[in-house]
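Trainee: I am new to this structure. Can we go through it together, one question at a time?

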Amino acid sequence: GNPYTWWVGKANEKHYYWGGSGPGIQKCACGIERNCTDPKYYCNCDADHKQWRKDSGMLSYKEHLPVSQVVVGDLDRPGSEAKVSVGPVRCQGDRNYWNAASFVTSSSYLHFSTFQGETSADISFYFKTSASDGVFLENLGNTDFIKLELKSATEVSFSFDVGNGPVEIVVRSPNPLNDDQWHRVNAERNVKQASLQVDQLPLEVRKAPTEGHTRLELYSQLYVGAAGGQRGFLGCIRSLRMNGVTLDLEERAKVTPGVKPGCSGHCTSYGMYCANGGKCVEKYNGYSCDCSRTAYDGPFCIKDVGAFFEEGMWLRYNFHSPGTSVKDLVSRTLLSSADPEITAPDLSLNKEELSFSFSTTKSPCVLLYVSSYTPDFMAVLVNPNGNLQIRYNLGGTKEPYNIDIDHRNMANGQPHTVNVTRNGRDIVLQLDHYPPTSYSLPATSDIQFNSPKALFLGKVIEIGKIDQDIYKYNTPGFTGCLSRVQFNQIAPLKAALRPTNASSHVHIQGELVESNCGASPLTIPPMSAATDPWHLDSASADFPYNGQAIGDGVNRNSAIIGGVIAVVIFTILCTLVFLIRYMFRHKGTYHTNEAKGAESAESADAAIMNNDPNFTETIDESKKEWLI
């Protein structure tokens, strides 16, 4: 069925297998080894025992690592608890995996000692280029040789001669190999056969002749990146291994003209892993993700930064500090202005991008509020009915413009994601995984958000007049979780929880406790209402009772009272039926079908048992106990 618990790995995908198991297997280690506490389940924790049970093991499928989130459900009932621990990621392998060199001229090359591959040669490396051809490496003898080259944009060639004449193996790719992406080459030659493979393309194999020479005799130096009289390779080569030995390309490149150590352009191949607006930064032997201008954290900018708000707690982010120029303000907050000489209160916005996630069980409340030095404001609220409301006041209208989302209760304790984008008069709202909905400000409304002042989370503590409804929603304040809050490129929660240049703009009332309880994986599609175990309105889902209204609003006490009344009525009806039958009984004749042999039997029971051969079997069957 649909699991209550999963973990999220690389690419933000859900996985249902656990330590000691493997991808696609919805089991724990005990389910693989068939020694779970309850043999009906594939995890010890599924046994639902009163005492603690444990599932543990190593997650070793590296394409899914690292673990970024663990989601645990089925806890909202008495006695149900879970403890989760995730150990560190441990990596092993070739530390020279990123040992690379960049060949910047067609005549540049690196040279190494002669390759010793008389009877066996195993060569592997990665390359990246935008050129259509070039020699990867070559080693010569008197007549023998071995060479690997890019013959064309779609062909890689492995050629050699051990004294029986030249042999060439070519792998042809359906797609260009000069696409400035990393490609892997693996060439092998022994006394029986030779083979060549590029990426995951089919392996090309050539059998060796049954008679003739078998030893590869080489005398010259090994040249990497060029060959005598031929066009050299332009691009990057890394992780060059020859017969199990990784050649140190970087050290040799440091003293070789036309060759640079390392390889720039890692972001071209791996920049897509910097998610949520993270910026890929080139490094000497790899890359990193700069998450400073996002609401996320972690090596790939996919870790939510969020916090739990207690009742009465609030956070204020000031868009500027006293004496701060707009030019400095723009560099810090990415609020834009056409004139860098004007003062900060004169700053105006023609568009905003707001995104965050939250969870709460209390309404009404203020989730987010952006104030200004003018009557302009923007607010995201949960009204008394638990519905979401977006409120804009940009001037030009008598009343603020409201966007009401009436189709769903947002104060149900579940994580919800809100994305609001305004560009001029056009507003686009996306809630959770539902399709975006477009709205438009009234024709009389202004389209500039004038002089933004501060952003509030949880409660509005501002000098001056505040909208009456917002003032009412302000008490007692928001209680719950807020996560990945971002207004344009300002991340107020991250500024409060992580030391950044913007931390001086933050003021907090109360104790801010970091938590991802308001976060939910962005790529998880919504379940249907019939199968979603967390959907409160689902008629078929077995949702643990949490003390709130269930079904159509009938609470648990009402259901119990109704059941008791039904039992009482049923008992009274049964009593009346019995009395009526007793009062209206009458005399009459009747016929009996007595068992044969009754006159000779010791008792009536004995007569029945003697007469019916199946009775013994019936008695035995009645003694059986059935567990349903």
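Trainee: Which residues does L388 touch, leaving out those up to four places away in sequence?
Mentor: Contact means heavy atoms within 4.5 Å. Residues up to four places away in sequence are not counted. That leaves F358, L367, V380, L381, V382, I403, D404, I405, M410, V418 and L431.

Trainee: What kind of model is this, and how are residues numbered?
Mentor: This is a predicted model, where local features need pLDDT of at least 70, side-chain atom pairs count only at pLDDT 80 or more, and totals for chains, interfaces and linings use all residues. Side-chain values use heavy atoms, without hydrogens and water, and residues are numbered from 1 along each chain as its sequence is written.

Trainee: Which residues touch the most other members of the largest nonpolar core, and which strand gives the most to this core?
Mentor: A nonpolar core is a set of buried Ala, Val, Leu, Ile, Met, Phe, Trp, Tyr and Cys residues joined through side-chain atoms within 4.5 Å. Buried means under 20% relative accessible area, exposed over 50%, partly exposed in between (1.4 Å probe, protein chains only). The largest core has 46 residues, and F309 and L388 touch the most other members. With 4 residues, the strand that gives the most is β26.

Trainee: How many residues are in the other core?
Mentor: That core lies apart from the largest one. Among its members are I169, L177, A187 and L216. Its size is 39 residues.

Trainee: How many helices and strands does the protein chain have?
Mentor: Both are DSSP runs, numbered from the N terminus: helices are H or I with at least four residues, strands are E with at least two. The count is 9 helices and 37 strands.

Trainee: Why is the pair of Y369 and F456 called tilted?
Mentor: Rings of Phe, Tyr and Trp (its six-membered ring) pair if their centres lie within 6.5 Å; planes under 30 degrees apart count as stacked, over 60 as edge-to-face and the rest as tilted. Here the centres are 6.4 Å apart. The planes stand at 55 degrees, so the pair is tilted.

Trainee: How many residues apart are Y369 and F456?
Mentor: Y369 is in strand β26 (residues 365-372). F456 is in strand β34 (residues 452-457). The pair links distant parts of the chain, 87 residues apart.

Trainee: Is Y369 buried or exposed?
Mentor: Its relative accessibility is 5%. That is under the cut-off, so Y369 counts as buried.

Trainee: Which strands stand at the edges of the open sheet of 7 strands, and why is one side of each left without a neighbour?
Mentor: Two strands pair if DSSP finds at least two bridges between them. The order is β32-β31-β30-β25-β35-β22-β37, with antiparallel pairing. Each edge strand has a single partner strand, so one side is left without a neighbour in the sheet. The edge strands are β32 and β37.

Trainee: Which residue in the hairpin of β31 and β32 takes a positive phi?
Mentor: Strand β31 (residues 426-431) joins strand β32 (residues 437-440) through 4 bridges. The hairpin has 5 residues between the strands. One of them has a phi of about 50 degrees although it is not a glycine. At 12% relative accessible area, this residue is buried. It is D432.

Trainee: Which peptide bond has omega of about 0 degrees?
Mentor: The bond is cis. Its proline lies in the loop between β25 and β26. The bond joins S363 and P364.
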